[in-house]
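User: I would like to learn how to read a two-chain model. Please take me through it feature by feature.

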Amino acid sequence: MSDGSAFISLSAIEKRFGSLTVLKDITFDIGKGEFFSLLGASGCGKTTLLRILSGIEQPSAGTLLIDGQSMAGVPANKRPTNMVFQSYAIFPHLNVEENIGYGLRNVRIAKDEARQRVQEALELVKLNGLGTRNAHQLSGGQRQRVALARALVCRPKVLLLDEPLSALDKKLREEMQLELRALQRTVGITFVFVTHDQEEALTLSDRIAVMANGRVLQLDTPQGLYERPRSREVAEFIGTMNLLPGAVSQSDQSETMLDAGLVGTLGGRPIEVILDKGARAYLAVRPEQISLSATEPSDPARYSVAGEVAEAAYLGDRIHYQVRLTGLEKPMTVFVNNTERAVVRPLGSNVWLSWDRSVGLVLPG
Amino acid sequence: MWKRLDGLWIYAVAFIAFIYGPVLLMPLFSLNDSTFATFPLAGFTLRHYGEMFQNQSMMAAVLNSLKIAVIVSLLSTALAVPASLALTRYKLPGGGPIVGFMMLPLVIPSIVIAVALLVIILKFLGIQLSLWTVAAGHILICIPFSMTVLMARLEGFDPSLEEASRDLGCSGWTTFWRVTFPLAMPGVISSLLLGFIISFDEFVIAFFLTGTENTLPVYLYSQLRFPNKLPGTLALGTLILCGSAILVIIAEVIRKRGVQSGNPGDI
């Protein structure tokens, strides 16, 4: 975990390709030993930012410090960073050992020590005995391990990973996620991880920077992002979120009331700013926080709205419902845990949705 | 197999006979015990091969052509490697037109190039015609071939391999020798062979630009007037045929091996 001090420090980083600006005003710090993720849809600039950290790309403006040293004008081969490429970039003309030992030829160490370190790296990524295999004899997962070992053997201060798991199938990917997390704890160095998979980012990271259109939308812990998204974009990107549009009718520090038209007047916690009366806003409620019942719940600590089941999907451990509300364009998504053999409610049946008054969030529109 | 003896099959056989028949007549007549290349065959002999090796001026021409071909293939490849790298790795301003100009010698008739070079060499540069001027002319026409082969190879591999090398601490120069060049090797070998073969049998430029010494094609042309020289020529042709067949087979084997292990796309 991070010890709180800034190990990597980005300030006002900007990147332009010709007239196209792909990164704007990127300013944040990454702590030493942190597992830090850059999360966003493709084209949001996350890979470009990673390449700026590695030195493959140079920023058009702004400063980058790694371990207190300015990286301005420092080329990739002189930086204390190593990268795991999305394509793994395994050298096809070298075998596994030669691939892993590639970077050691550039540091002054004895041949014996280099061999020793390659063997340790092979063990670290569980590739013992495959050292003499050729690159084209490796499976996707093994290539990924070689790429990891090749980067780690150079003992970088920062390991940069560019969607390293995206080419693997689901089961292998989940396995590798756990291994990667364990590996990061073992080696204890800072990981900067690029991904478009929000679940992966939540699973792995100490902190996540959610990016869109070349900007950081929100930087927070996984829990913070999920429970306190500060904007509609983040709320929609991380997990599933129900968003009910409305206008602010009353607001104070603890609660903002929204007039959501035919759905009624609903309240939620304000995020950061207290919105003016009449401003457009969204009430955001997670699907798993909503209960579904046949009759109107009488609990005054809960908001309840009436609707009609439009879609139901039985997933075994839970049931996903789409419930249509009068006056609402998009149906609400509700996840019901299958704890006590719940009956799947038929399509078209009238149901009540309710949630605790304290769980809703009010996000600016 | 025999059931497929239909029109298409006959066509295929006729096609192959049409292409290779004339070529295969050459080794046949080179072993024929007669001065004239005519049927019926007079008997088996190896004496034309003996005569060929004793023909000093022919051997000199062969040696000249070999020397020029080796120099041309090495130099045109050495010049084409950095040019292809620049054109495939960087977005150069005017990169498209540059490639176009580089490829131009492919479509200019060699007689035009030959005359133009002759004028430049004699009138503007005032250099004596020699085997060196022939080699220079051949390099000019070989570069587009070398570049075509090399650019195809360099475009075919993942740019992140070179980035990975830089990231692992190599300078641009070491990256070239440890990653780019080994991976471009199949292209480099193709380029060397192509340059060698083009230079070895090029006639027009050699005819115009050579001084007192002859290259093989020029020498052979000059000998066609003497019927008694024909069998020696046939013997030489047979040896060249065998040599180039071996070269092409080697090149193909290397290329196949390159496809197997040198292709980073096959994840």
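**Domains, chains and contacts**

Analyst: Begin with domains. The assignment splits chain A into domain 1 (6-233) and domain 2 (240-364). Keep in mind that this is a predicted model.

User: How many residues of domain 1 of chain A are in contact with domain 2 of chain A?

Analyst: Look at the distance between centres, then at the contacts. Over C-alpha atoms, the centres of domain 1 and domain 2 of chain A are separated by 39 Å. In the contact itself, 4 residues of domain 1 of chain A meet 5 residues of domain 2 of chain A. On the domain 1 side there are no nonpolar residues, 1 polar and 3 charged.

User: Which helix and strand counts does chain A have?

Analyst: Chain A has 8 helices and 20 strands. Its C-alpha atoms fill a box of roughly 75 × 45 × 40 Å along the principal axes.

User: What share of chain A is buried?

Analyst: Burial is judged by counting neighbours. A residue is buried if 20 or more other C-beta atoms lie within 10 Å of its own. By that test, 40% of the 365 residues of chain A are buried. Sequence separation adds a second view. Of the contacts in chain A with a separation of 6 or more, 65% are between residues 24 or more positions apart.

User: Take a single residue. Is A:R155 buried or exposed?

Analyst: Locate the residue, then count its neighbours. A:R155 sits in the loop between α4 and β7 (158-162) of chain A. The cut-offs are 20 or more for buried and 12 or fewer for exposed. A:R155 has 15 other C-beta atoms within 10 Å, so A:R155 is partly exposed.

User: How far apart are A:R155 and A:P80 in sequence and in space?

Analyst: Compare the two separations. Along the sequence, A:R155 and A:P80 are 75 residues apart. In space, their C-alpha atoms are 8.3 Å apart.

User: Now the other chain. How many helices and strands does chain B have?

Analyst: Chain B has 11 helices and 0 strands. Its pattern along the sequence reads α-α-α-α-α-α-α-α-α-α-α. The C-alpha trace of chain B spans about 70 × 65 × 35 Å along its principal axes. Of its 267 residues, 33% are buried. For contacts in chain B between residues at least 6 apart in sequence, 78% join residues at least 24 apart.

User: How do α3(B) and α6(B) lie: parallel, antiparallel, perpendicular or oblique?

Analyst: Read the crossing angle, then the handedness. The axes of α3 (residues 56-89) and α6 (residues 131-155) of chain B come within 6 Å and cross at roughly 40°. Angles under 35 degrees count as roughly parallel, and 65 to 115 as roughly perpendicular. α3(B) and α6(B) are therefore oblique to each other. The crossing of α3(B) over α6(B) is right-handed. Their contact has 20 nonpolar, 7 polar and 1 charged residues.

User: Last, the interface. How many residues of chain A are in contact with chain B?

Analyst: Count both sides, then ask which elements supply them. Here 23 residues of chain A are in contact with 20 residues of chain B. On the chain A side, β6 (81-84) and α4 (140-152) each supply at least two residues. The largest share, 3 residues, comes from α4(A).

User: What classes make up the side of chain A that touches chain B?

Analyst: Sort the residues by class. That side of chain A divides into 11 nonpolar, 10 polar and 2 charged residues.

Methods
Residues numbered from 1 in each chain as written. Chains lettered and ligands numbered in written order. Predicted model: local features only at pLDDT ≥ 70, side-chain atom pairs only at ≥ 80, totals over all residues. Contact = placed C-beta atoms within 7 Å. Helix = DSSP H or I, 4+ residues; strand = E, 2+ residues; numbered from the N terminus. Nonpolar A, V, L, I, M, F, W, Y, C, P; charged D, E, K, R; others polar. Domains from an automatic or database assignment. Axes fitted to C-alpha atoms, helices over the stretch in contact; angles between N-to-C directions. Parallel < 35°, antiparallel > 145°, perpendicular 65-115°, else oblique. Left-handed = near helix turned anticlockwise from the far one by under 90°.
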